[in-house]
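Here's a quick walk through one protein model, taking in its odd backbone spots, its helix packing and its empty spaces. Keep the viewer open as you read.

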Amino acid sequence: MAVSNHTARKGSDVAAEVAGYADVAKQIIDLAVFGAAQNRSYRRLADFTDTIGNRVSGSQNLEMAIKYMYNAMTQDGLDVHLEPVKIPHWVRGKESAEMIAPRAKSLAILGLGSSVGTPPEGIKAEVLVVQSFDELKQRASEAIGRIVVFNQPFVSYGETVAYRAYGASEAAKVGAVATLIRSITPFSINSPHTGLQDYQDGVKRIPSACITVEDAELMWRMAQRGQRIVVRLTMGAKTLPDADSFNTVAEIPGWEHPEQVVLLSGHLDSWDVGQGAMDDGGGAMISWEALSLISKLGEPCGRCCGPLRSRGGVGAQQYFDLHKVNMSNFDLVMESDLGTFTPEALQFTGSDAAQKVMAEVVKLLAPINTTKLEAHGEGTDISPWLKAGVPGASLHVADSRYFWFHHSEGDTMSVQDPQEMNLCSALWAVVAYVVADLQDMLPR
């Protein structure tokens with residue numbers, strides 16, 4: 001492990017150095033929250049999502065989104081380049097589901113990413129409703145030739161998402177012909193929520209879609225009464241060969257250490273429903289906005305600041321693979337991918353010494369009342385860097401409503417609030433600027 005200069009410098013020296021940025025931090029906050037940049041990130045997001053719409057991996061819309069961002073950030077005076085990547089290309093196709101017995105009812109569905117389709121005539125089968133993987137195992141003999149409906153209760157996204165991810169393969173192991181999974185959300189107005197599902201190797205691939213909380217509970221109640229439930233499911237989903245795409249990278253070169261990098265990120269792609277305004281248009285926009293705010297200071301930072309707009313997960317891994325040779329020069333990697341609601345804290349993962357530095361940095365956010373530093377800075381797109389020991393930070397926002405809209409038709413500009421985005425942009429910009437301008441890199 002490299003011994004940083006920080007170990008030689010006393011904590012009090014670092015605290016004093018960081019405190020010296022109070023004026024510039026206030027300048028950034030005033031510009032973002034009250035000044036000329038007020039509501040700018042919101043307006044940019046509205047223009048972007050209204051113009052492009054949703055932008056699923058491999059789609060024409062995503063390519064339009066990349067061109068849009070390249071042009072917009074270039075016009076903003078930033079140094080922008082594109083890095084080629086290969087990305088998955090799954091197409092939803094036409095899809096529908098209806099209950100035929102015990103009564104006729106159409107079911108709102110969204111096929112899950114990477115799912116196979118049904119035969120053209122669809123799959124018509126009796127339904128087995130279970131509330132857990134354990135119940136499925138206990139009732140394995142009843143699952144043969146059935147459509148398995150999972151009606152698992154929502155505990156937390158992290159825990160409950162296992163049903164969306166692995167439901168199809170678990171049901172296929174016991175002979176099911178398809179799965180319908182209760183949407184992973186704590187709140188529903190008959191809204192299905194899509195997302196990725198993950199087939200296990202060596203297990204038959206069966207079609208998988210999410211249904212609404214209401215329809216999952218309806219079928220569970222019918223099953224409890226001993227009623228025979230029959231559903232017809234039709235899905236035109238297919239996976240095409242990986243598509244060519246790009247990571248969009250903009251930067252402000254550092255004046256003293258241009259080879260050293262503070263990375264801000266959000267993913268530019270979204271699911272193929274709603275506008276992808278919240279997930280993750282907002283995160284991408286505040287990362288751009290942070291650079292806009294820093295570039296207007298007239299005081300360049302010592303290290304390079306750059307936002308990366310990746311294709312979620314896959315593009316981020318390829319960015320890491322391309323740049324890991326330069327690992328020792330990555331000072332801090334930041335990701336915003338849980339909404340841009342009112343910021344509550346900065347989440348940080350790094351050494352104890354780095355945490356001490358970051359605890360001083362967040363004190364500069366007193367004017368917007370977000371001086372809390374919390375553990376767990378990890379995020380999907382920055383995880384390869386964190387595993388390699390690079391310090392990481394994520395935005396902790398008041399996200400109680402995030403999963404109401406997540407991966408659904410409800411993820412639109414109506415979810416976003418301009419003032420909340422101003423606060424997120426200010427936090428993001430202050431943290432990025434100060435870390436990039438400190439005398440030493442964060443100690444590993």
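In which loop is P102 found? Look between β2 (95–101) and β3 (105–107): that loop holds P102. Bear in mind that this is a predicted model.

**Backbone oddities**

P102 is worth a stop for its backbone, too. The peptide bond that joins A101 to P102 is cis, with omega at about 5°. There's a cis bond between D279 and D280 as well, where omega is about 0°. D280 is found in helix α10, a helix we'll come back to below. Then there's N39, which isn't a glycine yet has a positive phi of about 65°. You'll find N39 in the loop between α3 and α4 (40–52).

**Helices packing on α15**

Now bring up α15, which spans residues 418–437. Here are two of its packing partners side by side.

| Helix pair | Crossing angle | Axis distance | Handedness |
|---|---|---|---|
| α3 (22–33) and α15 | roughly 155° | within 9 Å | right-handed |
| α10 (277–295) and α15 | about 55° | 8 Å | right-handed |

Take α3 first. Its axis crosses that of α15 at roughly 155°, and angles over 145 degrees count as roughly antiparallel, so that's how α3 and α15 run relative to each other. On the α3 side, the contact is made by V24, A25, I28, I29, A32 and V33, while α15 brings Q419, N422, L423, A426, A429, V430 and Y433. Sorted by class, this contact has 11 nonpolar residues, two polar ones and no charged ones.

What about α10? With an angle of about 55°, α10 and α15 are therefore oblique to each other. From α10 come G282, M285, I286, S287, E289, A290, L293 and I294, and they meet M421, C424, S425, W428, A429, A432 and Y433 of α15. Here the split is 11 nonpolar, three polar and one charged. A429 and Y433 turn up in the α3 contact and in the α10 contact.

**The largest pocket**

Which residues lie nearest the centre of the largest pocket? They're Y157, R164, L196, T380 and H407, out of 45 that line it. The pocket has a volume of about 1,300 Å³. Helix α8 (157–173) is among the elements that supply at least two lining residues, along with β1 (79–91), β16 (392–397) and α14 (402–405). In fact, α8 gives the largest share, with seven residues. By class, the pocket lining has 15 nonpolar, 20 polar and 10 charged residues.

**Two cavities**

How many cavities of 30 Å³ or more does a search of the whole structure find? Two. The largest has a volume of about 40 Å³, and its lining is made up of S270, W271, V273, G276, D279, H407, S408 and D411. Two of these residues are nonpolar, four polar and two charged. Some are familiar by now: D279 of this lining is joined to D280 by a cis bond, and H407, also in this lining, is one of the residues nearest the pocket's centre.

The second largest cavity holds about 40 Å³ of space. Around it sit L263, S265, L308, A316, Y319, D381, I382 and W385, with β11 (257–267) and α11 (314–323) each giving two or more residues to the lining. This lining divides into six nonpolar residues, one polar and one charged.

Methods
Residues numbered from 1 in each chain as written. Predicted model: local features only at pLDDT ≥ 70, side-chain atom pairs only at ≥ 80, totals over all residues. Heavy atoms only, no water. 1 Å grid on protein atoms, 1.4 Å probe; cavity = no way out; pocket = protein on both sides within 12 Å on 5 of 7 lines; lining within 4 Å. Points joined across faces, edges and corners; volume = space filled by probe spheres on them. Helix = DSSP H or I, 4+ residues; strand = E, 2+ residues; numbered from the N terminus. Nonpolar A, V, L, I, M, F, W, Y, C, P; charged D, E, K, R; others polar. Axes fitted to C-alpha atoms, helices over the stretch in contact; angles between N-to-C directions. Parallel < 35°, antiparallel > 145°, perpendicular 65-115°, else oblique. Left-handed = near helix turned anticlockwise from the far one by under 90°. Contact = heavy atoms within 4.5 Å.
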